[in-house]
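User: I would like a close look at a single part of this model. Please keep the answer connected and brisk.

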Amino acid sequence: MGLPISCLIAESGINVTGVDLNHNKVASINQAINIFDEPGLDELLNKVIATKHFRASTQVSSSDIYLIAVPTPHKEGRCDLSYVLSAVDSILDVAQNGQLVIIESTIAPGTSKLVSNIFRDKGLNVEVVHCPNEQFRGKHFMS
């Protein structure tokens with residue numbers, strides 16, 4: 001969900017940096033090569049790369065808003081939050097007071113509070129909210 005959402009935001013004219021740890025994925029995306037099977041994404045990715053409103057990177061940079069859209073696989077009947085917490089750690093390195101962190105990934109109750117406390121413990125006052133991806137299921141973002 002991260003790339004389609006990022007491209008939709010970039011299409012509205014907002015500069016977006018999508019972050020992934022896979023250098024090959026980042027290189028492909030920056031060349032407007034769609035590596036995901038999502039209807040309409042090829043055209044949208046080409047458009048936002050051409051307008052320079054979207055770029056991919058392997059490094060998190062400071063931003064007013066961070067959107068965490070990472071997998072949360074189930075292990076032993078529970079959501080594995082390791083990817084979410086890894087993304088939070090990456091944001092901690094560049095975060096500043098007054099910024100917003102949106103967790104789009106599926107998470108367990110109380111995770112937003114946990115993440116908020118991580119920032120607070122580092123002396124940062126950021127807002128943490130959860131936007132579950134269920135609202136996007138079954139809808140083509142290009143419809």
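User: Take Pro 73: is Pro 73 buried, exposed or partly exposed, and what is its relative accessible area?

Analyst: Pro 73 is partly exposed, with a relative accessible area of 32%. Keep in mind that this is a predicted model.

Start with the setting. Pro 73 sits in the loop between β3 and β4, where β4 spans residues 74-75. Setting aside neighbours within four places in sequence, Pro 73 is in contact with Arg 78, Cys 79, Asp 80 and Tyr 83. Val 128 is another matter. It is 55 residues from Pro 73 along the chain, and the two C-alpha atoms are separated by 21 Å.

Two of those contacts lead further. Take Cys 79 first. Cys 79 is itself partly exposed, at 22% relative accessible area. That value falls just outside the buried class, because buried means under 20%. The closest cysteine sulfur to that of Cys 79 belongs to Cys 131, 16 Å away and too far for a bond. A disulfide needs the two sulfur atoms within 2.5 Å. Cys 131 is also partly exposed, with a relative accessible area of 26%. A search of the whole structure finds zero disulfides.

Asp 80 is the other lead. The C-alpha atoms of Asp 80 and Asp 93 are separated by 22 Å, with their positions 13 residues apart along the chain. Asp 93 lies in the loop between α4 and β6. Asp 93 counts as exposed, at 67% relative accessibility.

That brings in α4. Its buried residues are Val 84, Ala 87, Val 88, Ile 91 and Leu 92. They cover an arc of only 145° around the axis, so they sit on the same side of α4. The general rule is that an α-helix has 3.6 residues a turn, so residues three or four places apart point the same way. What covers the buried residues of α4 includes β3 and α5. Recall that β3 also borders the loop that holds Pro 73.

Now α5, residues 111-121. Here Thr 111, Ser 112, Val 115 and Phe 119 are buried. Their arc is only 105° around the axis, which puts them on the same side of α5. The buried residues of α5 pack against α4 (82-92), β6 (100-103) and β7 (127-130). The face of α5 turned away from its buried side carries the exposed residues Lys 113, Arg 120 and Asp 121. After α5 comes Gly 123, with a positive phi near 80°.

Back to β3 and α4, this time for the largest pocket. The volume of the largest pocket is about 1400 Å³. Elements that give two or more residues to its lining are α1 (2-11), β1 (16-19), α2 (23-30), β2 (54-57), β3 (65-68) and α4. In total, 43 residues line the largest pocket, and Thr 17, Gly 18, Val 19, Leu 67 and Ala 69 lie nearest its centre. By type, the lining divides into 26 nonpolar, 12 polar and five charged residues.

In short, Pro 73 is a partly exposed loop residue. Its contacts include Cys 79 and Asp 80. The strand before its loop, β3, helps cover the buried residues of α4 and gives residues to the lining of the largest pocket.

How values were computed: Residues are numbered from 1 along each chain as its sequence is written. This is a predicted model: local features need pLDDT of at least 70, side-chain atom pairs count only at pLDDT 80 or more; totals for chains, interfaces and linings use all residues. Side-chain values use heavy atoms; hydrogens and water are left out. Buried means under 20% relative accessible area, exposed over 50%, partly exposed in between (1.4 Å probe, protein chains only). Helices (H or I, at least four residues) and strands (E, at least two) are DSSP runs, numbered from the N terminus. The arc is that of the directions from the helix axis to the C-beta atoms. Contact means heavy atoms within 4.5 Å. On a 1 Å grid over the protein atoms alone, a cavity is a set of points where a 1.4 Å probe fits but cannot get out, and a pocket is an open set with protein on both sides within 12 Å along at least five of seven lines; lining residues have an atom within 4 Å of a point. Grid points are joined across faces, edges and corners, and a volume is the space filled by probe spheres set on the points. Ala, Val, Leu, Ile, Met, Phe, Trp, Tyr, Cys and Pro count as nonpolar, Asp, Glu, Lys and Arg as charged, and the others, Gly among them, as polar.
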